[in-house]
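Let's take a walk through this fold, going from its sheets to its charged side-chain pairs. Have the sequence and the 3D view open as you read.

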Amino acid sequence: MSVTGPVSGLPNPYDITAGQPGQYPDTDQGLLYPPVDPSSTQRIAQMARLRLRDLPRPFLARQTTSGVAWRFELPVENVQADALQVVLTDTTSNGTVSQVQGQDYVLDAHGGIVTFRAAPGQGLLMVAQGTYYRDFLPSELDLYIRQAYIQHTYGSQPAGSLDQPIPTPQPPQMNADGQPITCGGGIIINADGTVTSGLGPPLPMISEVEEYPISLLVTIMGLWDIAIGISQQHDVHTPDGVTIPISQTFQQVMSMITALQSQYQMLSMALGVGLYRITQSRLRRVSRTTKRLVPIYRSKEYDDLTWPQREIPPIDVTQQMYTYRGTWDPQASYAKNDLIDYENRRYVCVTANTNIDPTKDVCQTGETAGQGYYWQWSTINSGWVGWW
């Protein structure tokens, strides 16, 4: 089975088919994450594999079929499925027939086992060649890359590395009854004048300087996997005095994890990115009498006699207020963060509107399920105004 196009390790617009390396068939595939250039994810994977010394290695295996056996063990494990080629050759007539994976045989990638649908004829030469890895298949490493990327960018928007302008989202087109024509948000007017439908402008991609810290996180995740496998083994002691200290290997792996975590933390703080980025904020005091935030003013020089300028910094997201408005009413005007119930589902207003049916604006299925220009699905389960 061949894979066309760039192989990515993270969710991005190029990943459209679940089940292949870089694409995941789980339920959160539809969640929207900032995109990453496929070449960026390839570089992250290469750096992680270099650090783990888990580089792709070629192999070639030959076995003569017996006419009865249909299961053949390859001399290697962790075989890359999309790079495997299997042929059956009749040595008497020099006839060679290529076998199709999924049709003529199936592959156990972890165990390196080829199982044919039917036993090949007696005396044929089965030749298998491809690529294998010592520890991690590409799809497994892609899972670590995805998790490392999500953790690295959690709570922050990645720095942009694209020079092209970001298109401006526009409200969705409406029918004669005042409802959106298509679900999934507003329209996007691109730089060339073309119009597309979507939830808004694409988020900027990460800068290349962040690829190395992300690769450190991927390496740490891979070493944890290796350490868990080693911890399930025991030290070997033989009667002739030979000792194989598995526990020593475990301690070495754990020491490497600690060193890499320290390196990631240092880079994260120095570059101002990732989980350990240094953030600066101004503490706000709440009045004991009014329970309101005390105003703050912009700092000025000693001899600056201009009028004080008020600063209104954003309030902590943990104090975001939502207003429950009951069942959706087409006559009511809704503001941002209003909560409504409609057709056995709760919605939160993301753009002020009047008479916009949530079921017409929000996609019910697909990659953009739960998102709209005016409304989106909500799981907030309280019906009163307060802090969340």
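What follows looks at the two sheets in turn and then at some salt bridges.

Keep in mind that this is a predicted model. Start with the sheet of four strands: it is open, it runs in the order β1-β7-β3-β4, and its pairing is antiparallel. If you look for its edges, you'll land on β1 (57-64) and β4 (95-99), each of which pairs on one side only. Go from one strand to its neighbour in this sheet and the turn between them is 20° on average, direction ignored.

Now zoom in on the pairing between β3 and β7. Strand β3 covers residues 85-90 and strand β7 covers residues 124-132, and the two are joined in the antiparallel sense over six bridges. For a handy landmark, pick L88: its bridge partner in β7 is M126.

On to the other sheet. This one is also open, but here three strands line up as β2-β6-β5, again with antiparallel pairing. The edges belong to β2 (71-73) and β5 (105-108); each has a single partner strand, so one side of each is left without a neighbour in the sheet. Neighbouring strands here are turned against each other by 20° on average, direction ignored. Between β5 and strand β6 (residues 113-116), the antiparallel pairing runs over four bridges. V106 is a good place to check this, as it stands opposite T115 in β6.

That leaves the charged side chains. In general, side chains of opposite charge can pair when their charged atoms come close. Here the count comes to six salt bridges. One of them joins the side chains of R43 and E211, at 2.7 Å from N to O. This pair ties together distant parts of the chain: R43 sits in helix α1 (residues 38-52) and E211 in helix α3 (residues 211-231), 168 residues apart. How buried or exposed are the two partners? R43 has a relative accessible area of 30%, so it is partly exposed, while E211, at 4% relative accessibility, counts as buried.

Compare that with the salt bridge between D54 and R49, where the closest N and O atoms are 3.0 Å apart. In this case both D54 and R49 are buried. Then there is D135, which forms a salt bridge with R134, with 2.9 Å between the closest N and O atoms. D135 is partly exposed, because its relative accessibility is 26%, and R134, at 44%, counts as partly exposed too.

Definitions and conventions: Residues numbered from 1 in each chain as written. Predicted model: local features only at pLDDT ≥ 70, side-chain atom pairs only at ≥ 80, totals over all residues. Heavy atoms only, no water. Pairing = 2+ DSSP bridges. Axes fitted to C-alpha atoms, helices over the stretch in contact; angles between N-to-C directions. Salt bridge = Lys/Arg side-chain N within 4 Å of Asp/Glu carboxyl O. Buried < 20%, exposed > 50% of the residue type's maximum accessible area, 1.4 Å probe, protein only.
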